[in-house]
Amino acid sequence: MTRTKSKTPEAAGPVVSVGLGERLVQRGLLTPAQLELVHREQRQRGGSLPRTVAELGLVTPDVLAQVLSEEAQAPLVDLNKTMVDQAALNLVPLELCRKFRALPLTRVNGSVMIAMADPTDIRAVDTLQQITGLHVEVATAPEQDILAFLDNLQAGGESIQNSIDEIIEETVTHDGQLATKEEVDLAAASQDEAPVIRLVNQIIARAVNIGASDIHFEPEEKMMRIRVRIDGVLFPDVLIPKSLQSAVTSRVKILADMDVAESRLPQDGRATVYVGRRQINLRVSSLPVTFGENVVVRILNTGAGLLSISALGMAPAVEQQLRAAINRPYGVLIVTGPTGSGKSTTLYAVLREVSGSDVSTFTLEDPVEFRMPGIRQTQIKEEIGLTFSAGLRTLLRQDPDIILVGETRDTETAQLMVRAALTGHLVFTTLHTNDAPGAIPRLIDMGVEPFLLPESLIGVLAQRLVRRICERCKEPVANPEEVFRRLGVPLPPDRPPQLWRGRGCPACKNSGYRGRLAIFELMMLDERFHEPITRRAGAPEYSRLAREAGMKTMFEDGLRRALAGETTLDEVLHMTQIK
């Protein structure tokens, strides 16, 4: 069973005799059968070939943007790190920007640079040139990035805050009805809707647009406090009058199909909403507390781009070991870490690498966070008996080659997973442990027989997320040696220490950080682990064996990222708890 497959386009010279679709086949990004499907869909739907390829999910947006950039000789830009000139934005109406998947970036004298999802669309370029009256210089950006930027523009930043304030004022004296909707377009909320509906829609839409992962609706004695979690840190957002608390809580519960009449027991629910063109899944949890119900909304952006293994930021040696592990014919690879540490992102990157037309890939997830073409994904529903263990038993009768078990929670799932690996399947799963060595005792405690582990367990990848230094206010630390001494960290022996920090600016809410990155430790098993596992040794012994084989701890990987100017030493210490 062969699973070695490259997703990165290879360098190729310009080819004039064949079209873009054929060149995608030459690069190994499409098969001839997939290209025929693209042409058929293109004839039925209309639109350009690149857009059809993207809509079918056959090539990831980032890779497609790279190919189109090379084809059109239009530079590839990262909109997350690009300053956009308001004078350029004013040249093209937002409706046309959406139609052409285009974003004006800068205006210099008689020219305007415009990022386009399809820089080969000559008609769009001509139209934009006529509208602006300027010479158009074309750049390339992934379609999802352009649409997300346009969504943020339409949401309006400060205007949303003003809108929220106006809605609160209106709602205090308005007796609105809370309509029930299974799927809601938050960006297209009608002014005729009840103010409470518009208020909750605006709160959720703004949280999505600023990149929040969670929204906390927290009841207090005289008000309801709204806080949002960004890059792992909670920030205050809106204060809601106490008189609106019950209505706001009810609206969120209605969205998530929860029992509005029941306020004495905890509840869980799910909802699907739309912010612009992005589909957003929400997980909602309510908990009775002293002054009402505390509601937490987890935001799952199903439209977010899937990363490749190369984009995870691993050290080269770790990435090489991981690639070797996932190309094994069978066995178990575990990704471990606390909730919200990026485990799902890593596993999706792994699946993107190993899945293909020559293997059968299945997943059991709770929830399904990203839709992946060519992979059968099953949503766990414990309320009807579809648990991880029940799903895994059935899945083994579906002739799988690769299995992703979203989380190993119980003894039966752990035992089935190990036995699946021993019968020729490649299995990926997650555990909640503090580090990689702790996964082995955890599996044994869950009831896995120790003698089965040496033959089935390939390795354990532990990870954490640390905050990234804000690029807009990044500056070098004047005395890095003093920082090392203050934190009790030995100076690196191989280079002069250099550290950076974020000074604080409006873009990062004066925190000095913007975005997050992952730090890793990968423990690969070999024959030296067999005897300690069978006698049920503790985690320190596995750690010693892994260190002897060259494993770098998460702290050491974090130190590497700090010395590279990507994060701070304080942040690494805080997340790895190294004293």
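## Overall make-up

The chain exposes an accessible surface of about 27200 Å², and carbon and sulfur atoms account for 49% of that area. The model is a predicted one, and its chain contains 22 helices together with 19 strands. Of the 579 residues in the chain, 50% are buried. Among the contacts in the chain with a separation of 6 or more, 63% are made by residues 24 or more positions apart.

## The β1–β2 hairpin and helix α7

Strand β1, which covers residues 102-108, pairs with strand β2, residues 111-116, in the antiparallel sense, and the pairing runs over six bridges. One of the bridge partners can be named at the level of residues: A102 is matched with M116 in β2. The two strands form a hairpin with two residues between them, and in its turn N109 has a positive phi of about 50°.

M116 also appears in the surroundings of A124, a residue of helix α7, which spans residues 122-132. When neighbours within four places in sequence are left aside, A124 is in contact with F100 and M116. The relative accessibility of A124 is 1%, and therefore this alanine counts as buried. Computed along the sequence, A124 and L96 are 28 residues apart, while their C-alpha atoms are 9.5 Å apart in space.

## Strands β5, β6 and β7

Strand β6 is paired with two strands treated here, β5 and β7. With strand β5 (residues 214-219), β6 pairs in the antiparallel sense over six bridges, and H216 has R227 of β6 as its bridge partner. Three residues lie between β5 and β6, and the two strands form a hairpin.

With strand β7 (residues 233-241), β6 again pairs in the antiparallel sense, over eight bridges, and here R225 has L239 of β7 as its bridge partner. This hairpin has two residues between the strands, and D231 takes a positive phi near 55° in it. The two faces of β6, which comprises residues 223-230, are unlike in their cover: M224, I226, V228 and I230 make up the covered face, whereas M223, R225, R227 and R229 make up the uncovered one. The two bridge-forming arginines named above, R227 and R225, are thus both on the uncovered face.

## A buried lysine in helix α11

K253 has its place in helix α11, which runs over residues 245-255. Is this lysine buried or exposed? Its relative accessible area is 1%, so K253 is buried. Residues up to four places away in sequence not being counted, K253 touches M258, D259, V260, E262, S263, Q267 and E293; acidic side chains among them are those of D259, E262 and E293.

## Cysteines without a disulfide

How many disulfides does a search of the whole structure find? The search finds zero, and C473 in particular is in no disulfide, the nearest cysteine sulfur being that of C505, 3.8 Å away. For C508, the closest cysteine sulfur is likewise in C505, at 3.7 Å, which is too far for a bond because a disulfide requires the sulfur atoms to be within 2.5 Å. Both C473 and C508 count as buried, the former at 0% relative accessibility and the latter at 3%.

## Aromatic rings and charges

A search of the whole structure finds one aromatic pair. The pair consists of F529 and Y542, whose ring centres are 6.3 Å apart and whose planes stand at 15°, so the rings are stacked. The pair links distant parts of the chain, 13 residues apart: F529 is in the loop between β19 (513-524) and α19 (530-534), and Y542 is in helix α20, residues 539-548. F529 is buried, with a relative accessible area of 0%, and Y542 also counts as buried, at 0% relative accessibility.

Two arginines are placed over aromatic rings. R376 lies over the face of F362, at 5.2 Å from the ring centre, and the charged end of R467 sits over the ring of Y513, 4.0 Å from its centre.

Terms used
Residues are numbered from 1 along each chain as its sequence is written. This is a predicted model: local features need pLDDT of at least 70, side-chain atom pairs count only at pLDDT 80 or more; totals for chains, interfaces and linings use all residues. Side-chain values use heavy atoms; hydrogens and water are left out. Two strands pair if DSSP finds at least two bridges between them. Helices (H or I, at least four residues) and strands (E, at least two) are DSSP runs, numbered from the N terminus. Buried means under 20% relative accessible area, exposed over 50%, partly exposed in between (1.4 Å probe, protein chains only). Contact means heavy atoms within 4.5 Å. Rings of Phe, Tyr and Trp (its six-membered ring) pair if their centres lie within 6.5 Å; planes under 30 degrees apart count as stacked, over 60 as edge-to-face and the rest as tilted. A charge sits over a ring if NZ of Lys or CZ of Arg is within 6 Å of the ring centre and within 35 degrees of the ring normal. Accessible areas come from the Shrake-Rupley method with a 1.4 Å probe; for residues, only the protein chains shown count as cover.
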